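Hi,

Here is the structure I said I would pass on. Have a look at it first, then read on for what turned up.

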Amino acid sequence: MAKALRVLPLILALLLTLGGCAGAPRRDSEEEALLLGFAQLGSESAWRLGNTRSVQEAAQRAGIQLMYENAEQKQEKQIKAIRSFIAYQVDVIAFAPIVEDGWDTVLMEAREAGIPVLTTDRMIHTEDESLYAGFVGSDFQAEGEKAGQFLLRKAQEMGAEHLNIVEISGTIDSTPMKQRGQGFRNAIQDDSRFTIVASLSGDFLRSKGKECMEQLLAAHSDIDVLYSHNDAMTLGAIEAIEEKGLEPGQDIVIITVDGEQAAVDLLKEGKVNCVVECTPLIGDTIMELARKLAAGESIERATYSEERVFTEFDEDLDSLPERGY
Ligand code: GYE
């Protein structure tokens, strides 16, 4: 009995350090660093690896504690990661949604827990826009339009009467896949010189980019242009084109999106004709927005990165700084 009484204060102290709520690992000292849960969608490309690095380094610089989960290309895994952040009672949740649909339930859970949510890189589609505070990333529609505008200029320079285009698109139902496709079509659709003869999804993966290009080359003998939604797939497609004995950049005009170092190097070599920039280096902006959200401030609905285009017509290609991804 006496022994049990001595142990009681110890048990109480333990409960207090656990936040006074058995089982919930809540850290709620005011002085503790802001805790950000970040659910990355996968590691499919050098772009994605650059994005992950950017977020991790920015968190460290900002003194923000990061809980990082990688969903390895699976939406269920990403939803699970968000649920674990809610259970942990993080201050802010950020996630790069692999596809646009299917987030409402888990985001309602976040709202019930009072945790603000930021979508990064890609967007979501929901009936209830109040389920997330804002988006930070690229304007993919504008990227697609820039790709199309390059093609208009290229066709002019070539004096081409007609060009057959094949498209290798990204992950079906993801924002960049939808908007890069739409923006490109918007730019060229009123011009009868262009026909998109085929479009396949390569899921933003190098290996699938190669497979898609092999299929496209087997099915069409008259491909003039490849529009690929990311550099990783372009690298794969170029392998397929070269294995077929064709010269990328010459026999087939190549337009790609992202601006990885590898793609810019191929542009300099003449194997790629146009690289539309899409920067993954948004870590610092994510941290700024997370701080505002944690402080209860409102943020812009959309914060877009500034981006340019690199083309074979540019004169500054040799003096470009390292891309960093
Ligand atoms: O273009 C691609 C990556 O969502 C913008 O995802 C991102 C895309 C990027 O796999 O390389």
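Which of the 13 residues around the ligand come nearest? They are E44, D121, R122, N230 and D258. Before you go further, keep in mind that this is a predicted model, so please read everything below as computed from that model.

Let's start with the contacts. The side chain of R122 has an N or O atom 2.7 Å from an oxygen atom of the ligand. D121 does something along those lines too: an N or O atom of its side chain lies 2.8 Å from a ligand oxygen. Then there is R48, with a polar side-chain atom 3.0 Å from an oxygen atom of the ligand. As for cover, the ligand taken alone exposes 300 Å², and the protein buries 100% of that.

Where does the ligand sit? In the largest cavity. Two elements give two or more residues to the shell around the ligand: α2 (46–62) and α6 (175–188). If you sort that shell by class, you get five nonpolar, two polar and six charged residues.

Now for the cavity itself. How many cavities of 30 Å³ or more does the count come to? Just one. The space in the largest cavity is about 90 Å³. Its lining is made up of 13 residues, and the closest to the cavity centre are W47, R48, R122, R180 and D258. You will recognise R122 and D258 from the list of residues that come nearest the ligand, and R48 from its polar atom 3.0 Å from a ligand oxygen.

The helices come up again here, since α2 and α6 each supply at least two residues of the lining of the largest cavity. By class, the lining holds five nonpolar, two polar and six charged residues.

If you open the model, I'd begin at R122: its side chain is 2.7 Å from a ligand oxygen, and R122 is also among the residues closest to the centre of the largest cavity.

Cheers

How values were computed:
Residues numbered from 1 in each chain as written. Predicted model: local features only at pLDDT ≥ 70, side-chain atom pairs only at ≥ 80, totals over all residues. Heavy atoms only, no water. Near = heavy atom within 4 Å. Polar contact = N/O pair within 3.5 Å; in protein donor to acceptor, adjacent residues only side chain to side chain. Areas by Shrake-Rupley, 256 points an atom, 1.4 Å probe, with all protein chains shown as cover. 1 Å grid on protein atoms, 1.4 Å probe; cavity = no way out; pocket = protein on both sides within 12 Å on 5 of 7 lines; lining within 4 Å. Sits in = over half its atoms within 2 Å of the grid points. Helix = DSSP H or I, 4+ residues; strand = E, 2+ residues; numbered from the N terminus. Nonpolar A, V, L, I, M, F, W, Y, C, P; charged D, E, K, R; others polar. Points joined across faces, edges and corners; volume = space filled by probe spheres on them.
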